[in-house]
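The following exercises ask the reader to work through one protein model. Each task is followed by a solution in steps.

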Amino acid sequence: MVKVYPKRSRRERSLYSLRMRASRDGFHVSGAERILSKDRISAEIVDLFNRAIGHEIGNPDEIHFTIEKIKDEILYTASLPISTILTECVEDSRKKAIQVLILNRVSEVAISRAFEDISKGASPDRKNMRGAMIIDIETGERLESDSYRGVRVSRMDIGEEAEESLKIEMKRIGVEGFRVKEALALATKVSMAGTVAELCWSDNPDYTVGYVASKRYGYVRFPNLKKEGDINGGRAFFLRRSDIDFNGYINFLQTKSLLITKVTPGFSPCIWEEFLKRYED
Ligand code: AMP
């Protein structure tokens, strides 16, 4: 269960939302979200600029930075627990990812919709979406209002202290880079919004790790949820439509600021049977 901590006085200092969006010929290339203090903004802009300009998908011809002082209340929380399941191949990873979704009571029709759409490009023109699709957990219906763009989750990050413990956890499981940090922040926010489960794999052809995230089972990574060289990727948020105020849900994902102050270790690396057993216990 993700805990929300009350605001503490030392956190009352001003924090800023820094967002980067890079595109080429009007198509999204990369993006990033940070929540940080003023003194860290300039160094972070340099880092994000270097990342955007050298992106594997193609050099962007436009990079936008937005810096905004956060005036609304910020939510502070612990991350979803991180588990990494050892699998043998793409088929094995997908089979187990599907099982985690079934354990979360996502229907077969909704699961098939997500896998099919992400695999062939989830927007109507069969390109990757910039944001996520939202899928009704029972009917498999797509609920996002703009199925070309999808819904982009914004204003979330992992705080400095939590990032240090994340680095230790990542080193322990032999993982490097910014992806886990950013995906964990996103997945934690998405689960707090009331999403039953999330399925994701990257559109980067060299990055084959994907995950299923949920409040019940945490952020569960699978080493190869797609084949190397595959340019398709995306995100699906599974939702029980009847249980949710849809506009409030979208508003939370897009505008509420959330900072992770503690990283929760799960079970990594872990064989499937052991993972199931730990959650049954
Ligand atoms: P990435 O993990 O950055 O390669 O992103 C994989 C896919 O997730 C993208 O193709 C988008 O469809 C989706 N995505 C990326 N960032 C976000 C975001 N902030 N909110 C919602 N969906 C996103």
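**Exercise 1: The six-stranded sheet**

Trp201 stands opposite Gly210 in S10. The model is predicted: local features need pLDDT of at least 70, side-chain atom pairs count only at pLDDT 80 or more, and totals for chains, interfaces and linings use all residues. Residues are numbered from 1 along each chain as its sequence is written, and side-chain values use heavy atoms, with hydrogens and water left out.

Task: Determine which strands form the open sheet of six strands, and in what order.

Solution.

Step 1. Fix the terms. Helices (H or I, at least four residues) and strands (E, at least two) are DSSP runs, numbered from the N terminus. Two strands pair if DSSP finds at least two bridges between them. Strands of a sheet pair through backbone hydrogen bonds, either parallel or antiparallel.

Step 2. Examine one pair. Strand S9 (residues 197-201) and strand S10 (residues 210-214) run antiparallel and are joined by four bridges.

Step 3. Extend to the whole sheet. The order is S6-S11-S10-S9-S12-S7, and the pairing is mixed. Strand S6 (82-84) and strand S7 (133-136) are the edge strands, each pairing on one side only. From one strand to the next, the twist averages 20 degrees.

Step 4. Add the helix. Helix H5 (residues 179-192) packs on this sheet and touches S6, S9, S10, strand S11 (218-222) and strand S12 (234-239). Contact means heavy atoms within 4.5 Å. The direction of H5 makes about 140 degrees with that of S11. Axes are lines fitted to C-alpha atoms, for helices over the stretch in contact, and angles run from 0 to 180 degrees between N-to-C directions.

**Exercise 2: The three-stranded sheet**

Task: State the order of the open sheet of three strands and how its strands pair.

Solution.

Step 1. The order is S3-S2-S4, with antiparallel pairing. Strand S3 (27-36) and strand S4 (62-69) are the edges, and each pairs on one side only.

Step 2. Nine bridges link strand S2 (residues 16-24) to S3 in the antiparallel sense. Leu18 stands opposite Arg34 in S3.

Step 3. The twist of this sheet averages 10 degrees from one strand to the next. Helix H1 (residues 38-53) lies across S2, S3 and S4, and runs at about 160 degrees to S3.

**Exercise 3: The ligand**

Task: Identify which residues come nearest to the ligand.

Solution.

Step 1. A residue is near a molecule if one of its heavy atoms lies within 4 Å of it. Of the 15 residues around the ligand, Met129, Gly131, Val153, Ser202 and Asp203 come nearest.

Step 2. Consider the individual distances. A polar side-chain atom of Ser202 is 2.7 Å from an oxygen atom of the ligand. An N or O atom in the side chain of Asp203 lies 2.6 Å from an oxygen atom of the ligand. For Val153, a backbone N or O atom is 2.8 Å from a nitrogen atom of the ligand.

Step 3. Locate the shell. H5 and S12 are the elements that give two or more residues to the shell around the ligand.

**Exercise 4: A cis peptide bond**

Task: Find where Pro269 is located.

Solution.

Step 1. Pro269 is in the loop between strand S13 (257-262) and helix H7 (272-280).

Step 2. The peptide bond from Ser268 to Pro269 is cis, with omega near -20 degrees.

Notes
A polar contact is a pair of N or O atoms within 3.5 Å; within protein, one must be able to donate a hydrogen and the other to accept it, and residues adjacent in sequence count only if both atoms are side-chain atoms.
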